[in-house]
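Visitor: Could you take me through one part of this model slowly? I would like to see how two helices pack together.

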Amino acid sequence: MNIRIVEIFRSIQGEGKYIGFPTVFVRFAGCDVQCQWCDTDHVMREEVEVEEVFRRVKNFYEKGDHVSLTGGEPLLQPQAVRELAELLKMEGIPVYLETNGVRYKEFEAVRNYVDIVAMDFKLPSSTGCRAFWAEHREMLSLAKDKDLFVKVVVTPVTTRDDVAFAVKMIASVNHSIPFYLQPETSQLKNGALEQCFKFQEYALEFLRDVRVVPQVHRLLGIQ
């Protein structure tokens, strides 16, 4: 089995619950959602056997690191995710899956092999894409027993209605699921941060853990 990848590197986690945590990233190529603010290169650079990807990860890995399977969208390659995650878990390495929360059927096939699920909610007013509410609901249900948290990217035009729909959906599954409002980095000074603070106040009426967290790696100018 080969994996279509962009890059493998070690840095700190720049988003969400484990921000600042030392992490080896395996960036999978390709994405099935074209968010209008996306700044991530997910064009394939290599097609590499799973065992070789595992070997490269081990070269970067230091005891205590997470290994993040990120993208793009890793669940476009579910068998590769499963095979790589199996190898990592055999070594006792925590597997951190970053996903757009759309491909719930593929997630069901790999969920026993991942430990942490960082799930995006793709708010249509933020992304410029169609809504994925039904897919997100299924993904939440399947991932609720994992170390799960949800992130939304907030822009100056993100609507309260979209945030409210997401918040109530999460609360209906478990109101303790952490919820992260991430201001779109290029719009931090153009209203995105203020939007986050307003949405945080609203979301705390329904959820226990709601945080405003920017992309720290972007602010620090690191990968």
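Guide: Here is a close look at one helix pair and the loop that precedes its second member.

First, some ground rules: this is a predicted model, where local features need pLDDT of at least 70, side-chain atom pairs count only at pLDDT 80 or more, and totals for chains, interfaces and linings use all residues. Residues are numbered from 1 along each chain as its sequence is written, and side-chain values use heavy atoms, with hydrogens and water left out.

Two packed helices are described by the angle between their axes and the distance between the axes. Our pair is α1 (residues 50-60) and α2 (residues 78-90); helices are DSSP runs of H or I with at least four residues, strands runs of E with at least two, numbered from the N terminus. Their axes come within 10 Å and cross at roughly 45°. Axes here are lines fitted to C-alpha atoms over the stretch in contact, with angles from 0 to 180 degrees between N-to-C directions. The two helices are therefore oblique to each other, a word for angles that are not under 35 degrees (roughly parallel), over 145 (roughly antiparallel) or 65 to 115 (roughly perpendicular).

Now for the side of α1 that meets α2: Val50, Val53, Phe54 and Val57 are in contact with Ala80, Glu83, Leu84, Leu87 and Leu88 of α2, contact meaning heavy atoms within 4.5 Å. These residues divide into 8 nonpolar, no polar and 1 charged, with Ala, Val, Leu, Ile, Met, Phe, Trp, Tyr, Cys and Pro counted as nonpolar, Asp, Glu, Lys and Arg as charged, and the others, Gly among them, as polar.

Finally, the loop between β4 (66-70) and α2 holds Gly72, and the peptide bond from Gly71 to Gly72 is cis, with omega near 10°.
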